[in-house]
Amino acid sequence: MSKLTKNKKLVLAKVEPNKAYKLSEAAALLKEITFTKFDASVDVDMRLGVDPRKSNQMVRGVVTLPHGTGKEVKVLVLCTPDKEAEAQAAGADYVGLDEYIDKIKAGWTDVDVIITTPNVMAKVGALGRILGPRGLMPNPKTGTVTMEVGKAVSEVKAGKIDFKVDKFGIVHAAVGKISFTPEQIMDNVKEFMSTIIKLKPSAAKGTYVKSISLSTTMSPGLQLDPKSVDNK
């Protein structure tokens, strides 16, 4: 059996097993049980009462977090020359078309989000095998296929994220950094959950939100009382 470190002992002393924490308690406690030397991500995992294998129970959407994600997001805009200035003015990190398509075909995927316009999707679609598994494929449902590339870039830079329930019925999202205040973490979690609630499929029966867990990159998960996310 491995020896418990000083930090692990502190975590075990502070975290109550099987307790459903209020959101305000969990947001504050996370800062006490995270000892990473880097600015760890704050993650939310929600188990939903849906069957993702059925198309009428798929939960997918986008949300703009009030305080952003705390992460510097690298954005590539694939567009025709007439849209390049708009994308650059909005803060896109990379802008172009054929040269970046060639780079991606050669294995380059050093970006977090790719935004494109409908008129070049025929070219971008050929990259599906590369971009799809990495979650980088532009999609109209997430606002990353649009003629308003400037607006799309600004929203992503401001903290817009997309999410999708996995095959186990779990939605996972990074909703901030441990350097955020507890209040900022709470605001972001509430906005995320509010969006999930609005997306409840009419075909989903029984309890919709089965459980919620809040954690950081290297901390244990803290179970949340779902009601506290609405009522603090």
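Thr216 is buried, because its relative accessible area of 3% falls under the 20% that marks a buried residue. The model in which this residue is seen is a predicted one. Thr216 belongs to strand E8, which covers residues 209-216. Apart from neighbours within four places in sequence, the residues in contact with Thr216 are Leu30, Thr34, Ala40, Ser41, Val42, Asp43 and Ile178.

The strand as a whole may be considered next. E8 is mostly covered, with six of its eight residues buried. Strand E1, residues 41-48, runs antiparallel to E8 and is joined to it by seven bridges. One of the pairings between these strands places Asp45 opposite Ser213, its bridge partner in E8. E8 is also joined to strand E9, residues 222-224, by three bridges, and these two strands run antiparallel. Here Leu214 has Leu222 of E9 as its bridge partner. Together E8 and E9 form a hairpin, with five residues between the two strands. In a regular strand, side chains alternate between the two faces of the sheet.

The aromatic residues offer a second point of entry. The structure holds four aromatic pairs. In the pair made by Tyr100 and Trp108, the ring centres lie 5.7 Å apart and the planes meet at 40°, so the pair is tilted; an angle under 30 degrees would have counted as stacked, and one over 60 as edge-to-face. Both partners are buried: Tyr100 has a relative accessible area of 13%, and Trp108 has one of 18%. Ring pairs also bring in Tyr94, which forms a cluster with Tyr100 and Trp108. Lys103 lies over the face of Trp108, at 4.2 Å from the ring centre.

Helix H7, residues 149-158, is the last element to be described. Its buried residues are Val149, Gly150, Ala152, Val153 and Val156. Viewed down the axis of H7, these buried residues fall within an arc of 165°, and they therefore line one face of the helix. An α-helix has 3.6 residues a turn, so residues three or four places apart point the same way. What do the buried residues of H7 pack against? They pack against strand E3 (75-78), helix H3 (81-89), strand E5 (113-116) and strand E6 (160-164). After H7 comes Gly159, whose phi is positive, near 120°.

Definitions and conventions. Residues are numbered from 1 along each chain as its sequence is written. This is a predicted model: local features need pLDDT of at least 70, side-chain atom pairs count only at pLDDT 80 or more; totals for chains, interfaces and linings use all residues. Side-chain values use heavy atoms; hydrogens and water are left out. Helices (H or I, at least four residues) and strands (E, at least two) are DSSP runs, numbered from the N terminus. Buried means under 20% relative accessible area, exposed over 50%, partly exposed in between (1.4 Å probe, protein chains only). Contact means heavy atoms within 4.5 Å. Two strands pair if DSSP finds at least two bridges between them. Rings of Phe, Tyr and Trp (its six-membered ring) pair if their centres lie within 6.5 Å; planes under 30 degrees apart count as stacked, over 60 as edge-to-face and the rest as tilted. A charge sits over a ring if NZ of Lys or CZ of Arg is within 6 Å of the ring centre and within 35 degrees of the ring normal. The arc is that of the directions from the helix axis to the C-beta atoms.
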